[in-house]
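Please open the model in a viewer and keep the sequence panel beside it. The tour below proceeds by selection, each stop followed by what is to be found there.

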Amino acid sequence: MNSMRTSGRLAGRALATLALGMSAVAIAAAPAPAATGGVDTALACTPWREWRGEGGGSGDICDGARATGTIYDAKADGRCPFIKFYYAGGGHKSSASVGPAGTSKWIEVWADNGKYFNGTASVEWRSC
């Protein structure tokens, strides 16, 4: 009986240690408060760069919901470049175009509600 009581205490201590260890893991896995006092849940930014001889651009897609950057029209051909940002699950959203040749434009494109950019983009043209 004595050995059972001792092994019961050891088992109890092991469970208590395991429970404390699990709570420490849960605390360590929780998001750290941001410097502003909130919880920082932001995802990383993914750079994009698309370029052809006629123009293109580069920038970042952040949190899957916002694409920013600069586009540039490099050729006087009557066409103005714009950027298509592709959604996870299909579809895309386009930026404003830039033109005439030699001009650049800062762009900001927000994903539609419930959709997220998958980090890919392409440069396209429309008449201008």
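Which residue in β2 is the bridge partner of R52? Select R52 and look across to β2: the partner is G55. Please bear in mind throughout that this is a predicted model.

**First stop: the hairpin**

Extend the selection to strand β1, residues 45-52, and strand β2, residues 55-62. A hairpin connects β1 to β2 by way of two residues. The pairing of β1 with β2 is antiparallel and runs over eight bridges. Strands of a sheet pair through backbone hydrogen bonds, so the backbone atoms should be displayed here.

**Second stop: the disulfide of the hairpin**

Now select C45, in strand β1, and C62, in strand β2. These cysteines form a disulfide, with 1.9 Å between their sulfur atoms. The two residues are 17 apart, and the pair links distant parts of the chain. The torsion about the S-S bond of C45 and C62 is about 110°, and the disulfide is therefore right-handed.

Is each partner buried or exposed, or does it fall in between? C45 has a relative accessibility of 42% and therefore counts as partly exposed. C62 has a relative accessible area of 17% and is buried, because the cut-off for that class is under 20%.

**Third stop: the sheet**

Widen the view to the open sheet of four strands, whose order is β1-β2-β3-β6 with antiparallel pairing. Colour β1 and β6 (104-110) separately: these are the edge strands, each pairing on one side only. On average, neighbouring strands of this sheet are turned by 15° against each other, direction ignored.

**Fourth stop: the other disulfide**

The structure holds two disulfides. For the one not yet visited, select C80 and C128, which are joined with an S to S distance of 1.9 Å. C80 belongs to strand β4 (residues 79-87), whereas C128 is in the segment after β7 (117-127), so the bond ties together parts that are 48 residues apart in sequence. About the S-S bond of C80 and C128 the torsion is about 85°, so this disulfide is right-handed.

Switch on the surface to compare the partners. C80, at 3% relative accessibility, counts as buried. C128 is exposed, because its relative accessible area of 57% is over the 50% cut-off.

**Last stop: the pairing pattern**

Finally, select the bonded cysteines together. What is their pairing when they are numbered in sequence order along the chain? The pattern is 1-2, 3-4.

Methods: Residues numbered from 1 in each chain as written. Predicted model: local features only at pLDDT ≥ 70, side-chain atom pairs only at ≥ 80, totals over all residues. Heavy atoms only, no water. Disulfide = S-S within 2.5 Å. Buried < 20%, exposed > 50% of the residue type's maximum accessible area, 1.4 Å probe, protein only. Pairing = 2+ DSSP bridges. Axes fitted to C-alpha atoms, helices over the stretch in contact; angles between N-to-C directions.
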